[in-house]
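Visitor: I would like a close look at one part of this model. Please take me through the salt bridges and the helix contact around them.

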Amino acid sequence: MSDFLAAIARAPIVPVLTVETVEEAAPLADALMRGGLTTLEVTLRTPAALEALTEMKSAAPGMLVGAGTILSEGDIDAAMKAGADFLVTPGLSPSLATAVIEQDIVTLPGVSTASEAMTRFDEGFAFLKFFPAEAAGGVPFLKSLAGPLSHLDFMPTGGITAALAKTYLSLPNVPAIGGSWMAPKADIQAGTWDKIAESAKTALAVLD
Ligand code: 3PG
């Protein structure tokens, strides 16, 4: 976990990426790195995702490359074989919880209620993805948990925009946020790499 915490301390925004072709992987990772980001998450939602993840790791060796949309034990194995540095899940089923606990890899399990967060803490997770952030209560929800569950940190993801980034990141229980706004699917498909690098820079600039 220490590498992940160090990376998000330098740049607390994790781009959530949907990559359709392996050819997009290297220029995309390079653009995000040029934009100052230190981590990225490739969602396992396309046939190219795993190969793209491996490609991104070699194209951007300084970045931590995670796998998102982990839904099954098979996804964990495949992501680890592809070289993922960390895993992100939208939630945990009982079987996925068992599989994730057995692995020695940084994992941010998704939660959207206080009870889920408490269950994950009992299982050993203290840094959780809050998903779907905007739909599940957003900033007021996280503020409400900061008192009773002050031992937990969250990476809200889902519906976050450039305009909301600063507010989320000002919360004491939010060391990082995730989102696709700086590298939306349309920009990736269009190959507008400089635009993506600029959006990443702009996203981080709100923290200055
Ligand atoms: C997702 O569901 O892909 C992630 O949570 C990112 O959501 P976003 O596209 O709303 O940023």
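Guide: Here is a walk through the salt bridges, followed by the helix contact and a loop residue.

This is a predicted model, in which local features need pLDDT of at least 70 and side-chain atom pairs count only at pLDDT 80 or more, while totals for chains, interfaces and linings use all residues. Residues are numbered from 1 along each chain as its sequence is written, and side-chain values use heavy atoms, with hydrogens and water left out.

Start with the idea of pairing. Side chains of opposite charge can pair when their charged atoms come close. A salt bridge here is a side-chain nitrogen of Lys or Arg within 4 Å of a carboxyl oxygen of Asp or Glu. The structure holds seven salt bridges.

Take D30 and R34. They form one of these salt bridges, with the closest N and O atoms 3.1 Å apart. Both residues sit in helix 2, which spans residues 25-34. Helices (H or I, at least four residues) and strands (E, at least two) are DSSP runs, numbered from the N terminus. D30 and R34 are separated by about one helical turn because they are four residues apart in that helix.

How open are the two partners? Buried means under 20% relative accessible area, exposed means over 50%, and partly exposed lies in between (1.4 Å probe, protein chains only). D30 is partly exposed at 30%. R34 is partly exposed too, at 41%.

R34 has another partner. Its side chain meets that of D194 in a salt bridge, at 3.2 Å from N to O. This pair links distant parts of the chain: R34 is in helix 2, D194 is in helix 10 (residues 193-205), and their positions lie 160 residues apart in the numbering. D194 is exposed, with a relative accessibility of 56%. Together, D30, R34 and D194 are linked in a network of salt bridges.

Now look at the two helices themselves. The axes of helix 2 and helix 10 come within 7 Å and cross at roughly 35 degrees. Axes are lines fitted to C-alpha atoms, for helices over the stretch in contact, and angles run from 0 to 180 degrees between N-to-C directions. The crossing of helix 2 and helix 10 is right-handed. A crossing is right-handed if the near helix is turned clockwise from the far one by less than a right angle, and left-handed if anticlockwise.

Which residues touch? From helix 2 come P27, L28, A31, L32 and R34. From helix 10 come W193, D194, I196, A197, A200 and K201. Contact means heavy atoms within 4.5 Å. The residues of this contact divide into eight nonpolar, no polar and three charged. Ala, Val, Leu, Ile, Met, Phe, Trp, Tyr, Cys and Pro count as nonpolar, Asp, Glu, Lys and Arg as charged, and the others, Gly among them, as polar.

Another salt bridge joins D85 and K57, with the closest N and O atoms 2.8 Å apart. D85 lies in the loop between helix 4 (73-82) and strand 4 (86-88), and K57 lies in helix 3 (residues 49-59), 28 residues apart. D85 is partly exposed at 26%. K57 is partly exposed at 28%.

Last, the loop residue. T18 lies between strand 1 (13-17) and helix 2. T18 counts as buried, at 17% relative accessibility. Not counting residues up to four places away in sequence, T18 touches T43, T46, K185 and I188.
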